[in-house]
Amino acid sequence: MAQAQGMATRRQLQGTLNFARPGILSPALARFMTVALSFLGIALLLISLRPFAAASLLEPLPESGDSLNQAGFLAAGAVCALGIVSLANPKALRSLLSPGWLLLALVVVYSISRSPDQMATARSLILTVIGMVIAFAVLVLPRGEKDFRLALTLGALAVLALSYGGLVLLRDYSTHGFDAYEPQHSGLWRGHFAHKNIAGPAMSVITIFGIYIFRSGDRFWGAVITALGFLFVINTGSKTTTGFLPVAILIVLSAAVLGRSWIAIVLHLAVFACAVVLTLGSVDNPPVSLIVGDILGDATYTGRTTLWRFGMESIPEKLWLGFGYDNFWGTINVLGLDRPLEAEWDFRRIVHGHNNYIDIVLNMGVLGGGVVIWVLFIAPLFNYARARRRPGNRALADMFMMIIVFLTLLSLLETFYLRRVDPIWTMHALAVLGLHLLARFDIAATQPGLMRSR
């Protein structure tokens, strides 16, 4: 009897997963709108409203910020929020009321209160939240995995078309060499992105999209997106990005080949530990530094070791609570220093420290940084293991896990966690949110709503 009641309750739960307000739209119109919104969300996060923004090197944007992007993203966030409330499965939204996400919100808000310029950091947080809302809408609006894959395909093709089109029609804006600030990058591709260090990771994520699309049965478009994405990554000239991408793909595909998600998780942690030794471990460690120099030809990671050393030396000043959200590199602690003539970089004018983990601890301290690292790095590994227990979730879970593995490795060289609507951060948020949902819901391609509750 109890078993029969349980099955009936489960069927009832699954049967209620329809539009938030049934009857507002016809199914066909609702499907079109949700696919369109999901596609536009992906395109906006990876393209922004001001592509080929490198032109601003000659005409700097005002210090108050880019009003076009701010207003545009605010409007897009409002539209996506409305779409989530009216068209998405409400259970997916309620799933975010978990201890990890609530604690993360509390930590970020408290960190803002510690910042000297609370209004500026609050504006940064608003853009960060908007980016996450758009990423969440991309995931929960499609009516099934097929619709989500369609939106993902269209979004990836739009990004590729814009960047490759720029190489043909706007060559000076799409490759480095147009500006004189970094002549060593002359000729390297950046597409519509402002810099090759953004283009490389973003196109790596596009490559991962292509692998998922290919594995899901759409062989032609999957192969096209994968090939064009990886070709672009190679031509950005980033050795670390080009190296990390195949490693991430192979780590996650090991779970698919061997049928054990824990293998991919263990491999990821092992590779990450080795990468920590070869990056942060090379600071003031001559033997490791020599190994890095032999492998990459540059033991300083183009001057990053200077920033890492300075950042790690500064952490004890505010060990537990940090300097405030998105704040350390803009404080008097940095700006008030004399010019470091012996350093590779003048870190008084550095926006961030080119390492997610150091910067998170600098800004939020050990306590807040621990929460951020748990939500964005550790928890997704548990969610991945849970998501792969359902055969229908595996291909999509593998895609999100590839993004997580790739970007957590890249995090040792770049800073992007919780960083406004930075395309690298929003893709990381997309993967973290995707694994969060797949760990709690089943994909139901034939039922309304992308996710169906267990």
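This report covers salt bridges, one helix and one pocket in a predicted model.

**Salt bridges**

Side chains of opposite charge can pair when their charged atoms come close. Across the whole structure, 6 salt bridges are found. The table lists three of them, with the N to O distance for each pair.

| Acidic residue | Basic residue | N to O distance |
|---|---|---|
| Asp-398 | Arg-215 | 3.1 Å |
| Asp-398 | Arg-388 | 2.9 Å |
| Asp-442 | Arg-390 | 3.6 Å |

Asp-398 takes part in a salt bridge with Arg-215 and in another with Arg-388. Arg-215, Arg-388 and Asp-398 are thus linked in a network of salt bridges.

The salt bridge between Asp-398 and Arg-215 links distant parts of the chain, with Asp-398 in helix 17 and Arg-215 in helix 9 (residues 196–215), 183 residues apart. Asp-398 has a relative accessible area of 0% and counts as buried, because the cut-off for that class is under 20%. Arg-215, at 33%, is partly exposed.

The partner at 2.9 Å from Asp-398 is Arg-388. Arg-388 sits in the loop between helix 16 (356–387) and helix 17, while Asp-398 lies in helix 17, so this pair ties together parts that are 10 residues apart in sequence. Both Asp-398 and Arg-388 are buried.

Asp-442 and Arg-390 form a salt bridge at 3.6 Å. This pair also links distant parts of the chain: Asp-442 belongs to strand 1 (residues 441–443) and Arg-390 to the loop between helix 16 and helix 17, 52 residues apart. Asp-442 is buried, with a relative accessible area of 7%, whereas Arg-390 is partly exposed, at 32%.

**Helix 17**

Helix 17, which holds Asp-398, runs over residues 394–410. From its first C-alpha to its last, this helix of 17 residues reaches 24 Å, close to the 24 Å expected at 1.5 Å a residue. Helix 17 is mostly covered, with 15 of its 17 residues buried.

**The second largest pocket**

Rolling a probe the size of a water molecule over the atoms shows where empty space is left. The volume of the second largest pocket is about 510 Å³. The pocket is lined by 19 residues, of which Leu-96, Trp-101, Ala-105, Val-129 and Met-132 are the closest to its centre. Helix 5 (99–113) and helix 6 (118–140) are the elements that give two or more residues to this lining. By class, the lining has 18 nonpolar residues, 1 polar residue and no charged residues.

How values were computed:
Residues are numbered from 1 along each chain as its sequence is written. This is a predicted model: local features need pLDDT of at least 70, side-chain atom pairs count only at pLDDT 80 or more; totals for chains, interfaces and linings use all residues. Side-chain values use heavy atoms; hydrogens and water are left out. On a 1 Å grid over the protein atoms alone, a cavity is a set of points where a 1.4 Å probe fits but cannot get out, and a pocket is an open set with protein on both sides within 12 Å along at least five of seven lines; lining residues have an atom within 4 Å of a point. Grid points are joined across faces, edges and corners, and a volume is the space filled by probe spheres set on the points. Helices (H or I, at least four residues) and strands (E, at least two) are DSSP runs, numbered from the N terminus. Ala, Val, Leu, Ile, Met, Phe, Trp, Tyr, Cys and Pro count as nonpolar, Asp, Glu, Lys and Arg as charged, and the others, Gly among them, as polar. The expected span of a helix is 1.5 Å times one less than its number of residues. Buried means under 20% relative accessible area, exposed over 50%, partly exposed in between (1.4 Å probe, protein chains only). A salt bridge is a side-chain nitrogen of Lys or Arg within 4 Å of a carboxyl oxygen of Asp or Glu.
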